[in-house]
Amino acid sequence: MPVHRAAGEPPVIGVYHATAISLVSRCCPFALELQERGVPADRSVYQVGIAAHAILEGVSLCTNECNRELTPEEVNVAALGVCERLMSVGRSYDGKGEPPMSPESVFAGQEVALAWLMWNPIQPGGKVELGLGLDGQGQPCDYWKGEGLKVRTILDEVRIIRESDEESSRTVLAVRDYKSAWSTSDEELDTLQRRIQAVAAWRYFGPADVLRLEVVNLRLGKVYTRELFREDGLDEQIDAWWAHVAATCRALDAQKALGPRPAAPGRGCLSCRYVGACEHASDFMERAGMHRTPETRATAYCVASAVRDELAEQLRRDTEEGPVKVAGGIVGTVAKEVTRLSPDAYARLWEVWEESGGDELGFAKALKLTASNAKELAKTLYFDRSAKADREALLAEVTVTESERRFGIWPEEKA
């Protein structure tokens, strides 16, 4: 279906991938400008997540082929096959080949994926890594060359599930997105990228009684879920979400029609893989001594932090063979003595504590256990995935949430 423009609207300029729109949301429009120019970006920080996604996809495909849950041994074999492919030929994304990945990144991604699969085995029937296209009216079209193509998105997993109990039954359209970032939270359910995925899934596979949006934090093993019911106006919600997406695309078209997309240096620089190539970020760095207001100093601090993080990632690779000499010192990894407890330390400390008249509770308090220690203890006590509820109940009982002041760079809602 062709795109129709009202009088006075800017011409349709680009086709936008959901990840490109996410880039604007997380960073700023100039990040998309640099991407459109084909500016090389340091993607090393994403390699672990890319490997984890590829392994989950490979295991899902094997599961569908066997039409049953894979055994642990079969999961390991499938994962290792994906690892070898990533290290030998790399992956292809949107038809573009990428260089082979380093063994360190691949095996770190394998560890993340297998840790998730240990507690969450994949069941057959899921559609994985689906590339879907939407035209200017938000209707399905070919991902590559559909008539009026406006937005592309890739869904990690889609399932159509039939759920029932003694009183009723319902059809659920479940759309899952895997995230490897430690910071992934339920806020991901509200992003424009997630809404694009919801619209695409609904327009391709709906309608259903329920649309279930899921975001998985692979690092923490958490699933954040939101369910929307058709009987409560889901069709209207999908239309409203598409209106937001379409308005965003029109705004991005209008930006491009006026010239280079605008920059907004600030907190978004911290998650921008183009910060090293951004002239606006460089300008802030060069004027470091000229900032005279708290606002400009705060912006400069965000930019400087982002540039520092990017340089650190690059230098970790540059200094694998040895540190780099600079005026007055070196930069790199050096050996440093660290004092750790010996294997029999706990037994010896308890022996001395008991001889001095101390009891078990006093010993535990003296060790100053932290919430992290409690989590590890709970994992040891309730190691089986069927005991997850018991593990979470224990942690809820022994931990409390408190507020404390910390200096740093935060999202607006935490201000």
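**Figure 1. The buried residues of helix α9.** In this predicted model, Thr299, Ala300, Cys302, Val303, Ser305, Ala306, Val307 and Glu310 are the residues of α9 that are buried. Part of what covers them is α8, residues 279-286. As for length, α9 runs from residue 294 to residue 318, and its 25 residues should span 36 Å at 1.5 Å a residue. The C-alpha atoms at its ends sit 35 Å apart, so the model agrees with that expectation.

**Figure 2. Zooming in on Thr299.** This threonine belongs to helix α9. Is Thr299 buried or exposed? Its relative accessibility is 18%, and because the cut-off for buried is under 20%, Thr299 counts as buried. Setting aside neighbours within four places in sequence, the residues in contact with Thr299 are Pro265, Gly266 and Phe284. Phe284 falls within the 279-286 stretch of α8, which is part of the cover over the buried residues of α9.

**Figure 3. Helices α4 and α5, packed side by side.** Here we look at α4 (residues 72-88) and α5 (residues 103-119), whose axes come within 10 Å and cross at roughly 155°. An angle over 145 degrees counts as roughly antiparallel, and that is therefore how α4 and α5 run relative to each other. The crossing is a right-handed one. On the α4 side, the contact is made by Val75, Asn76, Ala79, Leu80, Cys83, Leu86 and Met87. From α5 come Pro103, Val106, Phe107, Gln110, Leu114 and Leu117. Sorted by class, the residues in this contact of α4 with α5 are eleven nonpolar and two polar, with no charged ones.

**Figure 4. Helix α5 again, this time with α3.** The partner in this view is α3, residues 47-66, and the axes of α3 and α5 come within 7 Å, crossing at roughly 50°. That angle makes α3 oblique to α5. As α3 passes α5, the crossing is right-handed. From α3, the contact draws on Gln47, Val48, Ala51, Ala52, Ile55, Leu56 and Val59. The α5 side supplies Ser105, Val106, Ala108, Gly109, Gln110, Val112, Ala113, Trp116 and Leu117. Count them by class and you get twelve nonpolar, four polar and no charged residues in the contact of α3 with α5. Val106, Gln110 and Leu117 of α5 take part here, and these residues of α5 are also in the contact with α4.

**Figure 5. Helix α1 against helix α6.** Residues 18-26 form α1 and residues 192-205 form α6; the two pack at an angle of about 155°, their axes 8 Å apart. Which way do α1 and α6 run relative to each other, parallel or antiparallel? Roughly antiparallel, as the angle between α1 and α6 is over 145 degrees. α1 makes a right-handed crossing as it passes α6. The residues that meet are Ala18, Thr19, Ile21 and Ser22 from α1, and Leu192, Gln193 and Ile196 from α6. By class, this contact of α1 with α6 divides into four nonpolar residues, three polar ones and no charged ones.

**Figure 6. Cys278, in a loop.** Follow the chain from α7 (234-257) towards α8 and you find Cys278 in the loop between them. What does its accessibility make of Cys278, buried or exposed? With 12% relative accessibility, Cys278 counts as buried. Apart from neighbours within four places in sequence, Cys278 is in contact with Phe30 and Leu34. Ala243 is 35 residues from Cys278 in sequence, and their C-alpha atoms are 31 Å apart in space.

**Figure 7. Tyr224 in strand β9.** The strand shown covers residues 222-229, and Tyr224 is found in it. Tyr224 has a relative accessibility of 17%, so it counts as buried. Its contacts, leaving out neighbours within four places in sequence, are Thr184, Ser185, Asp186, Leu189, Leu213, Glu214, Val215 and Asn217. Take Leu189 from that list: along the chain, Tyr224 and Leu189 are 35 residues apart, while 7.6 Å separates their C-alpha atoms.

**Figure 8. Stepping back to the whole chain.** The protein chain has 13 helices and eleven strands. Its C-alpha trace spans about 90 × 70 × 45 Å along the principal axes. There are 415 residues in the chain, and 35% of them count as buried. Among contacts between residues at least 6 apart in sequence, 65% join residues at least 24 apart.

Definitions and conventions. Residues are numbered from 1 along each chain as its sequence is written. This is a predicted model: local features need pLDDT of at least 70, side-chain atom pairs count only at pLDDT 80 or more; totals for chains, interfaces and linings use all residues. Side-chain values use heavy atoms; hydrogens and water are left out. Helices (H or I, at least four residues) and strands (E, at least two) are DSSP runs, numbered from the N terminus. The expected span of a helix is 1.5 Å times one less than its number of residues. Buried means under 20% relative accessible area, exposed over 50%, partly exposed in between (1.4 Å probe, protein chains only). Contact means heavy atoms within 4.5 Å. Axes are lines fitted to C-alpha atoms, for helices over the stretch in contact, and angles run from 0 to 180 degrees between N-to-C directions. Angles under 35 degrees count as roughly parallel, over 145 as roughly antiparallel, 65 to 115 as roughly perpendicular and the rest as oblique. A crossing is left-handed if the near helix is turned anticlockwise from the far one by less than a right angle, and right-handed if clockwise. Ala, Val, Leu, Ile, Met, Phe, Trp, Tyr, Cys and Pro count as nonpolar, Asp, Glu, Lys and Arg as charged, and the others, Gly among them, as polar.
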